[in-house]
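Reader: I would like to learn how to read a structural model feature by feature. Could you take me through one, giving the general idea before each case?

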Amino acid sequence: FATALYRTMNRRQDSIKDVGNTLSVSRVLGDGRCLFRSLAKGRAFSNGSISTWTDQRERVEADQLRGRAVQELKAHKDLLLGFCVIEGDFAKYCKRMSHPRT
């Protein structure tokens with residue numbers, strides 16, 4: 001697994017361009033969905049829709065991203081369990097992650 005991950009990371013690093021001078025700090029509400037809020041807001045910045053951004057839209061898109069992430073977890077359950085990525089009961093983890101404020 002580590003070897004495959006290393007090869008993937010190297011391919012990705014080769015395709016990354018320097019964006020250091022275009023980065024900025026953008027705060028998100030720390031309400032338990034902050035990881036997904038930050039991803040949603042970053043996507044809005046990158047696709048130019050940040051000018052119409054609202055707190056409600058951020059919350060809705062964060063919850064949609066969380067839902068998609070849980071779907072991916074469930075779709076790749078065997079792979080994730082095979083590499084011990086999820087500790088404990090997988091079904092309980094997915095159920096807990098399904099709640100917006102986790």
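Reader: In which helix does Leu79 lie?

Author: Please keep in mind throughout that this is a predicted model. A helix is read from its place along the sequence, and Leu79 lies in helix α4, which covers residues 77–82. The protein chain as a whole has five helices and zero strands, and read along the sequence it follows the pattern α-α-α-α-α.

Reader: Is Leu79 buried, partly exposed or exposed?

Author: The general idea is to ask what share of a residue's accessible area is left open, with buried meaning under 20%, exposed meaning over 50%, and partly exposed lying in between. Leu79 has 48% relative accessibility, and therefore it counts as partly exposed. Together with Phe83 and Val85, Leu79 makes a nonpolar surface patch of about 270 Å². For the whole protein chain, the exposed surface comes to about 7,900 Å², of which carbon and sulfur atoms supply 55%, while buried residues make up 21% of the 102 residues.

Reader: Where does Cys84 lie, and what is notable about its phi?

Author: Backbone angles are worth reading beside the position in the chain. Cys84 lies in the loop between α4 and α5, and its phi is positive, at about 55 degrees, although Cys84 is not a glycine. Cys84 counts as exposed because its relative accessibility is 61%.

Reader: Turning to the interior, which residues have the most contacts inside the largest nonpolar core?

Author: In soluble globular proteins, nonpolar side chains tend to be buried together. Here the largest nonpolar core has 13 residues, and those with the most contacts inside it are Phe36, Leu73, Leu80, Ile86, Phe90 and Cys94. Helices α2 (34–47), α3 and α5 (90–98) each supply at least two residues of this core, and α3 gives the most, with four residues. To follow one member outward, leave aside the residues up to four places away in sequence: Phe36 then touches Ala62, Leu65, Arg66, Ala69 and Met97.

Reader: How much of the contact pattern joins residues at least 24 apart?

Author: Such a share is taken among contacts between residues at least 6 apart in sequence, and in this protein chain 46% of those contacts join residues at least 24 apart.

Reader: How should I read charged residues, and with which residues does Asp31 form salt bridges?

Author: One looks for opposite charges whose nitrogen and oxygen atoms come within 4 Å, and by this rule the count comes to seven salt bridges. Asp31 forms one with Arg33, the closest N and O atoms being 2.8 Å apart, and another with Arg37, where the closest N and O atoms are 2.9 Å apart. Both Asp31 and Arg33 are buried.

Reader: Which parts of the chain does the salt bridge between Arg37 and Glu58 link?

Author: Arg37 forms a salt bridge with Glu58, with the closest N and O atoms 2.7 Å apart. This pair links distant parts of the chain, since Arg37 is in helix α2 and Glu58 is in helix α3, 21 residues apart. Arg37 counts as buried because its relative accessibility is 4%, and Glu58 counts as buried because its value is 3%. Salt bridges that share partners join Asp31, Arg33, Arg37, Lys41, Glu58 and Asp63 into one network.

Reader: Why does Lys41 count as buried, and what does its side chain contact?

Author: Lys41, which is found in helix α2, counts as buried because its relative accessibility is 15%. Its side chain makes a polar contact with the side chain of Ser26, at 3.1 Å. Not counting residues up to four places away in sequence, Lys41 touches Ser26, Arg27, Val28, Ile50, Trp53 and Glu58.

Reader: What separates the C-alpha atoms of Ala44 and Glu61?

Author: A distance between backbone atoms can be set beside the separation along the chain: the C-alpha atoms of Ala44 and Glu61 are separated by 10.0 Å, and these residues are 17 residues apart along the chain. Ala44 is in helix α2, and Glu61 is in helix α3, residues 55–75. Ala44 counts as buried because its relative accessibility is 2%, and Glu61 counts as buried because its value is 14%. Beyond the residues up to four places away in sequence, Ala44 touches Ser49, Ile50 and Trp53, whereas Glu61 is in contact with Ala40, Arg43 and Trp53, its neighbours within four places again left aside.

Notes
Residues are numbered from 1 along each chain as its sequence is written. This is a predicted model: local features need pLDDT of at least 70, side-chain atom pairs count only at pLDDT 80 or more; totals for chains, interfaces and linings use all residues. Side-chain values use heavy atoms; hydrogens and water are left out. Buried means under 20% relative accessible area, exposed over 50%, partly exposed in between (1.4 Å probe, protein chains only). Contact means heavy atoms within 4.5 Å. Accessible areas come from the Shrake-Rupley method with a 1.4 Å probe; for residues, only the protein chains shown count as cover. Patches are made of residues with over 30% relative accessible area and no salt bridge: like charges are joined within 9 Å, nonpolar side chains (Val, Leu, Ile, Met, Phe, Trp, Tyr) within 5 Å. A salt bridge is a side-chain nitrogen of Lys or Arg within 4 Å of a carboxyl oxygen of Asp or Glu. A nonpolar core is a set of buried Ala, Val, Leu, Ile, Met, Phe, Trp, Tyr and Cys residues joined through side-chain atoms within 4.5 Å. A polar contact is a pair of N or O atoms within 3.5 Å; within protein, one must be able to donate a hydrogen and the other to accept it, and residues adjacent in sequence count only if both atoms are side-chain atoms.
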